[in-house]
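Subject: Structure handover

Hello,

I am passing the structure below on to you, with notes on what was found in it. Please read them with the model open.

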Amino acid sequence: MCPEHVEHAIYHCVSRVVDRRKVLGMAEKEQFVKYMRLYERLYGLRVVTFCIMSNHFHILLEVPPMPGGGISDEELLKRLLATNTEAFVAGVATELADARKEERAEWAAEIHARFTYRMHNLSEFMKTLLQRFTRWFNRTHQRSGTLWEERYKSVIVESGVAARTIAAYIDLNP
């Protein structure tokens, strides 16, 4: 969807396993949740509720706008730690510190842009989550190819009653 929103948006996202095969057992569901939570922190989104069935999932996801002035260096580094090694993040921290020390705002902005282009972005979050989970699933089950029937589906949901109704639907889906 849009990389930036005027105000926060809530989406109901759904995807099904190819041929609607029932292949998501307890271990697969736990791994999916692990990746979902990692990328939730990195991308700055909020999973309101979710349900993972044996052949599909539902996620109600809040996508807040990117703050007007972007995110701070500290926030960027904190988010990067969700999915990167401490050594990698330390390298980014050093690069940012050098840019700030030399008062080169454009360099610091370039460093931020390398990572923040995908933050607060539903499409990037879902693409990364589904690709990462598929790689894990294929490696674990000695298979190759696509796991998902097609691109995920998403529907924007109004906050308030509509969001609560969809959340109840997701929670009651099992």
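Of the 174 residues of the chain, 45% count as buried. Please keep in mind that this is a predicted model. Along its principal axes the C-alpha trace spans about 55 × 45 × 20 Å. The chain exposes about 9,600 Å², and carbon and sulfur atoms supply 54% of that area.

Overall layout

The chain holds six helices and four strands. Read along the sequence, they follow the pattern β-α-β-β-α-α-α-α-β-α. Among contacts between residues at least 6 apart in sequence, 73% join residues at least 24 apart.

The sheet

The four strands form an open sheet in the order β2-β3-β1-β4, with antiparallel pairing. β2 and β4 stand at the edges with a single partner strand each, so one side of each has no neighbour in the sheet. On average, neighbouring strands are turned by 15° against each other, direction ignored.

Two of the pairings can be described further. β1 and β3 are antiparallel and pair over eight bridges. β2 and β3 also run antiparallel, joined by six bridges, and they form a hairpin with three residues between them. L60 in β3 is a useful place to look: L60 is the bridge partner of H12, and T49 stands opposite L60 as well.

Two helices lie across this sheet. α1 lies across β2 and β3 and runs at about 170° to β2. α5 lies across β1, β3 and β4, running at about 145° to β3.

The cores

The largest nonpolar core has 44 residues, and those with the most contacts inside it are F32, I59, F125 and F133. Two or more residues each come from β1, α1, β2, β3, α2, α3, α4 and α5. The largest share, eight residues, comes from α5. As for F133, leaving out residues up to four places away in sequence, it touches L24, E28, Q31, F32, Y35, L147 and W148.

Apart from this core lies another one of eight residues, among them C51, L60, A163 and A167.

V157

V157 belongs to strand β4, residues 153-157. Is V157 buried or exposed? Its relative accessible area is 10%, and a residue counts as buried under 20%, so V157 is buried. Not counting residues up to four places away in sequence, V157 touches I10, Y11, H12, L60, A162, A163 and I166. One of these contacts spans much of the chain: V157 and L60 are 97 residues apart in sequence, yet 8.9 Å apart in space from C-alpha to C-alpha.

Helix α2

Which residues of α2 are buried? They are D73, L76, L77, R79 and L80. Seen down the helix axis, the buried residues of α2 fall within an arc of 160°, so they line one face of the helix. These buried residues pack against α1, α3 and α4. On the other side of α2, E74 and K78 are exposed.

If you want a route through the model, begin with the sheet order β2-β3-β1-β4, go on to F133 and its contacts, and finish with the buried face of α2.

Regards

Technical notes:
Residues are numbered from 1 along each chain as its sequence is written. This is a predicted model: local features need pLDDT of at least 70, side-chain atom pairs count only at pLDDT 80 or more; totals for chains, interfaces and linings use all residues. Side-chain values use heavy atoms; hydrogens and water are left out. A nonpolar core is a set of buried Ala, Val, Leu, Ile, Met, Phe, Trp, Tyr and Cys residues joined through side-chain atoms within 4.5 Å. Buried means under 20% relative accessible area, exposed over 50%, partly exposed in between (1.4 Å probe, protein chains only). Contact means heavy atoms within 4.5 Å. Two strands pair if DSSP finds at least two bridges between them. Axes are lines fitted to C-alpha atoms, for helices over the stretch in contact, and angles run from 0 to 180 degrees between N-to-C directions. The arc is that of the directions from the helix axis to the C-beta atoms. Accessible areas come from the Shrake-Rupley method with a 1.4 Å probe; for residues, only the protein chains shown count as cover.
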